[in-house]
Amino acid sequence: MSVNMKCYDTTPCIRCFACMVGCSAENRLRLQRDERIGMEKSVQSKLGHQSHLTPKRRELGVFPDARQVTAFHHCNHCEKAPCLDICPVNAITRRTGGEVVISQDPCIGCSSCVDACPFDVPVVTDGKAYKCHGCYDRIENGLKPSCVNVCPTDAMFSGAKEEVLKEANKRAALYTQTTGKEHVVYGADKVNNYVGTLHWVTIIPKEDLEAYQLDTAPSRPAMQFREVAKSAGVVGAAAIAVGSVGHLIYWLGKRKEKIMQEEQKNV
Amino acid sequence: MGKTTRREFLKGGVATAAGTALGIPNTAEAKTVTSADFALEKKVSVLCRMCAQKCPAVATVLEGRVARLEPNMGTPYGAVCGRAAGAMGALYDPDRITTPLIRTGRRGEGIFRKATWSEALDMVAYKLKKIREEGDAKSVAYLPRFSAAGGVDKGFFHLYGTPNIVGYGDTCFGSSLPVGYGAVMGGTKLSAVSGPGTSAVSTDHEFAKYGVLIQRNVGGALVCHPWGKTFGLGKKNGMEIVVVDPRKPSEAGESLVDWAPIKPGTDEAFLLGLLNEILTNKYYDEKHLRSKTNADMLIHPDTGLPVKTQAIMKKGKELEDYLIATASGIGFKSEEQGETKLLGAYSVSLDDGSSIQCKTALQTMVDANKKYTATWAAEVSTLEEAQIKKIAKKLNDAKPACFIERGYRSERYANSLREKLLITQINAILGVYGKKGGVIQNGKVKLGKAIKVPKVKEPNIAKWMAKYDENKPLINVKFYRRAWVEAVLTQKPYKQRVGFFWGQNIIGGSTGSTEIAKALQRLEMMVCVSPHWNETVMYADVVLPDATFMERDECLNGKWKSPLATLGVNRKAVEPLGESKDGYWILNELARRILTPEEHEEYFGEYEKRGMITFWEKQYAGIHGITAKEQASLPSLQEVLDGRVWAGEKHYKIKCKTKTGKWEIYPTALVKKYRALKDTGNKGAEYINPLPLFVGPFVLKGNKELANNEFLPITGFHPLGTFTGQQTKNNLLLKSILEEHHADHVFINRAKGESLGLKDGDKVEIFNPRLPKIVSVAKVKLSETVQQNTLFAYYGVTAGALDNYSAHLRNQERGGFNPNHLTEFLFSPLTAGNPVQDCTVKIRRIS
């Protein structure tokens, strides 16, 4: 199986949210199929953790040079997925198509993936972490991801990485030509050393990268430390754990001192 | 991204400690799902009714539940929007009405008891039968909207004997749109005849180079198949857009999209300024004007009509020929081969030997429009003059692959008709009709009648009004629900005793809700067929719960708002929930109880024996209206019933049905009507003045300054909201996105709001100063993307001022702003349209 890629193109997108509703609905279908929770029951809750593609809308500029911008918030299925690397119980794996998937069974809800993800993607609900699984079940059975499947305007498309990149670059070049503004395919090239390239790329005017909250330097410095901990093995990790506990004791002591000082001041 | 905080260090340490304690387990592979899991899915072809558009879709049924809705890609424009993707939220809405109900409280109170079908049907049938026997069938009105028995329901009520099949379109597309468009392109006799409405034409966004979105937000509004899709494809192909709207919608695009933040109610002024720029700079193709339009028609200075005409035959049709001027003199258009004069005045000899100076039609328009410069338009509309000029220039550069959107749900102001007229005139001058990237004729598959019934001879209420009510000579005789309300209140032309509403929310969806509610109190009986609660259901004596589209078979459908003739059918995916029933069953049960046994046998006997196939066969056998080539490629009836959606070819053409056979940019039919109205002293005549002059909405009359806390209210669709919202309200699949967008708030310009001391989330009371007792309560969102005079709300998202029905809905909060609830029961002059935004509202903060 070739490596898969998904592309969101901001230009033809009509912000109808079919992709987002479709995602949330498809995960309810999975709840029925895999967890025996019928659709008639699951639609009676919002189930935020089952919506893996969500809008982050904000307003930019000042009237009349103003606009709303809807950032698409989702897992990028990073080439160097920090969540996968950090998971202490190896509940996060990569499918052959490149999708980074959390298995809820072994997940212990420790939130390491939440901390490691520079895009703030995984959410922990009732002791389990959730995020976009790239619809790997659909893809491995010859179907498109649900968000792509319901997109009415080809604003989302997917397929083999090479083909998606070819189409994305073609579109970006056309938009650059028609609008006179440089368009880029965010995530096609290495974003940085922390995440590498992305399996979910975005076509966007270069000047709007920040507006759409597409981070050009995603990182979580704390995680680099944990990375060391993990590779240094159990002894090193234990040392760090001890260090952490030591630091906690130190910190608690400091805090107590501070509170006492405050109290004295108040008196 | 930031430095390591102490908290992060600690968390890392704790997690690492946990991992260390547990030991590093083997990798736990995610569950592999095989094709066997997907093989259990059953696919059913449906036509989505999450709004009214019937986008061809496929429902997935898994273990007896609808679990997914996706586009049916059998048509080149297969597409569904987010509402469709969330259809399961409406189907499995825990607050759906799933048993017949009989009212026990007062009308409007919303207190009902459960009833059996036989009790409820008997109650309705007893009343209807009695009225029929009294010979008063016309006093029963049938008001359909989301009917579950399409193709048969109207026939049944005609058979019953009433001419009053009362459409909802007078509040949407049915009033100003057909008259404004028909005045230029024909197709309406301009008197009491429904003409080309929203379904007539489509914008060929896919290949357009430049477009003006005005009165319509293609992405956020409805008709995903095909308009939403073609709009997106157009953007993908490099189409440039300017949005002329008091609010900037995201759906038109968020990057590199121009916005002209127009003051509400001033579209007419903007369009006049745009026309002025186009005429002054000659942003038109002279050859096009000569060949397709009546720009060169010589106009009699006194009558405003062509100075001389003669009848000619062209392609077997009688047309009206008119005089034109050329370098060699005056002659009839049909006889002239050379270049006709588009501008200037020419001496024409009349039959009595005298002569008279006659301007060309184009010159007449140029002169009338002279004072409405871009400078003037900018002042009225609060737009920048340069922006109006730029739009005109861009249209010129792109023509004919460009468009001005013709609007939708566009009954908003007294002068809506003039806006429609101007849009059509400008599009016609630019030559966009029938052209690639312009505006083209929709195709349709004309079907045989599922049920053929005798015509009702008696005229319906609207036909009577068109003739005798001087305020409504241009009323649409198919879509007249508010005129029907007037008839209920005045008992003219005759008494209305029963209102039978099928999926039509007349209170929530039309201007003057409180007056409408009063009218409903006067009916002897009110019946609502609906699976969802709304304002109108609260007034019903009997509520009959019909199935949603996913739970019923329907008649074939051959009409979409698509340039491609399309054929498809909605099939039942799952059994109706609870006691709810499919529409044809309901209709047949009523028919059996109301009609004579002979009538019932004649019209419904076969359906009782064979079911829906009897209707499908008749419809399929009668298919016509498509080309021979298309006919040859039609699938069999069985293939259609099995879920195949068929689409014909795209034809770049436009129908022109004017008397002259020309696109009448100078609308002679309107001239005649205008003069006739003037002669009788009709006060509304100026609203159809055929010349490009400013008339304006009610609300801008007298140029009164708005008070500091006074706004012009506007609404727009949220991409996950619809009409009065029954399918999309109370729907948790849609709700989190609606909340993220503050879709239940009213939006006010930030600087303006702050000057009033408002901040985000403040609650305000909103009221119409002319009806101060009806008060809406809504939360405020301050926004930079709203024009200063504007109060914007998403349509059909909130419960509004008349919100007691939301007590039946666990996921629908009370309150919010629906302008229909706050407006007076007014009509637009002549068309009897729905001037829903033609008022001001004031706000006051609730501490």
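**A sheet in chain B and a helix pair**

In this predicted model, B:Val58 sits opposite B:Glu70, a residue of β3(B). That pairing belongs to an open sheet of 3 strands in chain B, ordered β1-β2-β3 with antiparallel pairing. Two things are worth a look here: the sheet with its packed helix, and a pair of helices in chain B.

**The sheet and its helix**

- Strand β2 of chain B covers residues 55-62, and 6 bridges tie this strand to β3(B), with the two running antiparallel.
- On the outside of the sheet you'll find β1 (42-48) and β3 (65-71) of chain B, the edge strands, each paired on one side only.
- Ignoring direction, neighbouring strands in this sheet are turned against each other by 35° on average.
- Chain A joins in too: its helix α1 (residues 18-35) packs on the sheet and touches β2 and β3 of chain B.
- The direction of that chain A helix makes about 145° with the direction of β3(B).

**The helix pair in chain B**

- Helix α9 (residues 267-280) and helix α11 (residues 361-369), both of chain B, have axes that come within 10 Å and cross at roughly 125°.
- With that angle, α9(B) and α11(B) are therefore oblique to each other.
- As for handedness, α9(B) and α11(B) cross in a left-handed way.
- From α9(B), the contact uses B:Leu272, B:Leu275, B:Asn276 and B:Leu279, while α11(B) brings B:Met365, B:Val366 and B:Asn369.
- Sorted by class, the α9(B)–α11(B) contact has 5 nonpolar and 2 polar residues, and no charged ones.

Key
Residues are numbered from 1 along each chain as its sequence is written. Chains are lettered from A and ligands numbered from 1 in the order in which they are written. This is a predicted model: local features need pLDDT of at least 70, side-chain atom pairs count only at pLDDT 80 or more; totals for chains, interfaces and linings use all residues. Two strands pair if DSSP finds at least two bridges between them. Helices (H or I, at least four residues) and strands (E, at least two) are DSSP runs, numbered from the N terminus. Axes are lines fitted to C-alpha atoms, for helices over the stretch in contact, and angles run from 0 to 180 degrees between N-to-C directions. Two residues are in contact if their C-beta atoms, placed from the backbone, lie within 7 Å. Angles under 35 degrees count as roughly parallel, over 145 as roughly antiparallel, 65 to 115 as roughly perpendicular and the rest as oblique. A crossing is left-handed if the near helix is turned anticlockwise from the far one by less than a right angle, and right-handed if clockwise. Ala, Val, Leu, Ile, Met, Phe, Trp, Tyr, Cys and Pro count as nonpolar, Asp, Glu, Lys and Arg as charged, and the others, Gly among them, as polar.
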